[in-house]
Amino acid sequence: MRSGIALSHLDASTRPQDDLFRHTNGGWLDRTEIPADRGRYGTFDMLREQAEHDLRAIVDELVAAGPDPRTPAGKVAALYGAFMDEDRIEATGLGRVAATLAEVDAVGEVGALVELLGRLGREGVTGAVVYWVGTDDRNPDRYVVYLNQAGLGLPDESYYREPQHEATRAAYLGHVERMLALAGRPDPAGAAGRIVALETRLAASHLDKVADRDAVATYHLRTLAELQEATPQHDWSRYAAALGAPDGALAEVVVRQPGYLAGLDAALAQEPIEVWREWLAWHVLHEAAALLPAAFADESFDFYGRTLAGTPVQRERWKRGVALVDRLVGEALGELYVARHFPPVAKERMTELVDNLVEAFRRSFADRPWMGEQTREQALEKLGHFTPKIGYPDVWRDYSALTLGADLQDNVARAHCFENDRELAKLGRPIDRAEWFMTPQTVNAYYNPGMNEIVFPAAILQPPFFDVEADDAVNYGGIGGVIGHEIGHGFDDQGSQYDGSGMLRNWWTDADRERFDALSAKLIEQFSQLEPIAAPGQRVNGALTVGENIGDLAGLGVGHAAYRIAVGDGEAPVLDGLTGDQRFFLGWAQVWCGKAREETAKMLLAVDPHSPQEHRGNVVRNLAAFHDAFGVQEGDGMWLDPEDRVQIF
């Protein structure tokens, strides 16, 4: 049996006792350049590249075969073929967008603006507010509409206020002006200034990324009458009708940021309608840029790719086409992907891994010194209700109501309308517990607190995360850590506020919550001292990343316990000169192999709830088992004093 460790990636000059991440991945880091079309590159990206090539082979065959356009395969072929028809796109020019801009220019008052925002939202244009349909956090047996802050063209509200983003703001202003000029809009320079000023006003009412994580503080159930009273300028009934929502869709809604809606309403009352028209015209162009002639797509990439992320080269068109298909008709493509690339044995082995991780969590709860008996009973009950989903959905999405043709802009609008109607149709119906929120070809995983489920798409279930031919140690360090991470989200600072049924309620004793919060605060402090390799001098936001850091710690600690369950009373053999425990920790570190450009690293610090890869790999320093496996001593780079180690699960 092979170990599953990528020996060519190792850096023998760096001891694991000093830097496990560098020891495990240093050889790869030294000889690998970030591809010109990426802001960062690593294990996840390499698997995504492989998935892209696999998907391209499928769609190229479909386009060549010309399947019936009424079939799922035919819809994949139509959408991809339309995106790849550059000659038609250039000849079409603004096309449908020109008609939309004319509608924007015809808006004469706030009510008409709100109505148009609803109709364009149905077609995929992000307006001042975005909605989604999900299980009600306080009543998880029903669906409800959630309303969320929006309206910005920069990644986050902090970009409009923090001095460190001043250069980005200036570049953004120029980008907006150039996009407006390309579309032949009047006074592009003046309009750009007014647009950015309006967005700056909206951003001032946004919750920041840390506050926006709070599941309790962002739950505000409102009736339609209460919503309308709080925001008199925004006619919600008119908006819902334009959105195509069924009667009663907004009878009760969850407002996530009431302060933002108040700020938006004030802006609707006070800002001239001419400025709102300019702002909406910009957002129409921004959303459509990838579908327009090359001049628009290139200008959009120049700002969002080169300036924001430091990415020198735009991705090849076929890659962007595959991504569009994945986003809009992903399960139709996923069904074809799974048939070719996901063997049944992988699902069987994963089921065993998940069972062992759940058992390891069960045992962990039994000896957590901070967890009292009442909370422990509730935690075990929640764990018993976890639903794992592995590989692909049991029921594939039905795309029969979606009709696609040769025009790219029309296809994208129709796909958004289809998805909009599918989402709104959930209201009043039983919860669809078979639904997936990632496609099978996605290299990722997730925990959904409202359904208390952990989901592992097919594309992540391959080396180095998971190898059916490899040693248990590396599989438990890799995909086992990911499984544990996702289970851990059910008990992190936010997930722990949901019970086993998916209801947002406090099932903890006050004393246990206080002890848990103290451990979380200790972890926040630990990560707040760290700097990314790619952006020295910048600090990790420990408060923003705490949920993911708790997930990593849980995945690592419980993943190791699950590995010991799998080994049983025996001792794992030495492979490649490494003990089983050593291979486990190298297996963990190698899945975080990666590097980033400085601009991307800085952007991720502002908006990404995940810590940089190197710090995720080196979170092992919190585990006594890691210190024991490698004989880490005081003075070594990975040494962490026992009293400073954080172990929650």
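Is C593 buried or exposed? I began my notebook with this residue, keeping in mind that the model is predicted. I found that C593 has a relative accessibility of 2%, and because buried means under 20%, I entered C593 as buried.

I then turned to C417, whose relative accessible area is 15%, so I noted C417 as buried too. With two cysteines on my page, I looked up the disulfides, and I found that the structure holds 0 of them. I reminded myself that a disulfide is a covalent bond between the sulfur atoms of two cysteines.

Next I looked up H9, which I located in the segment before α1, the helix of residues 20-31. I recorded a relative accessible area of 17% for H9, so this residue is buried. Setting aside the neighbours within four places in sequence, I listed the contacts of H9 as H23, T24, N25, G26, G27, W28 and R31.

My last entry concerns a sheet. I found an open sheet of 3 strands in the order β6-β8-β7, and its pairing is mixed. I marked β6 (387-391) and β7 (446-448) as the edge strands, since each of them pairs on one side only. Neighbouring strands of this sheet are turned against each other by 20 degrees on average, with direction ignored. Following β6 further, I saw that this strand pairs with β8 (residues 453-457) in the parallel sense over 5 bridges, and that G391 stands opposite P457 in β8. Finally, I noted that helix α15 (residues 344-366) lies across β6 and β8, and that this helix runs at about 150 degrees to β6.

Key: Residues are numbered from 1 along each chain as its sequence is written. This is a predicted model: local features need pLDDT of at least 70, side-chain atom pairs count only at pLDDT 80 or more; totals for chains, interfaces and linings use all residues. Side-chain values use heavy atoms; hydrogens and water are left out. Helices (H or I, at least four residues) and strands (E, at least two) are DSSP runs, numbered from the N terminus. Buried means under 20% relative accessible area, exposed over 50%, partly exposed in between (1.4 Å probe, protein chains only). Contact means heavy atoms within 4.5 Å. A disulfide is a pair of cysteine sulfur atoms within 2.5 Å. Two strands pair if DSSP finds at least two bridges between them. Axes are lines fitted to C-alpha atoms, for helices over the stretch in contact, and angles run from 0 to 180 degrees between N-to-C directions.
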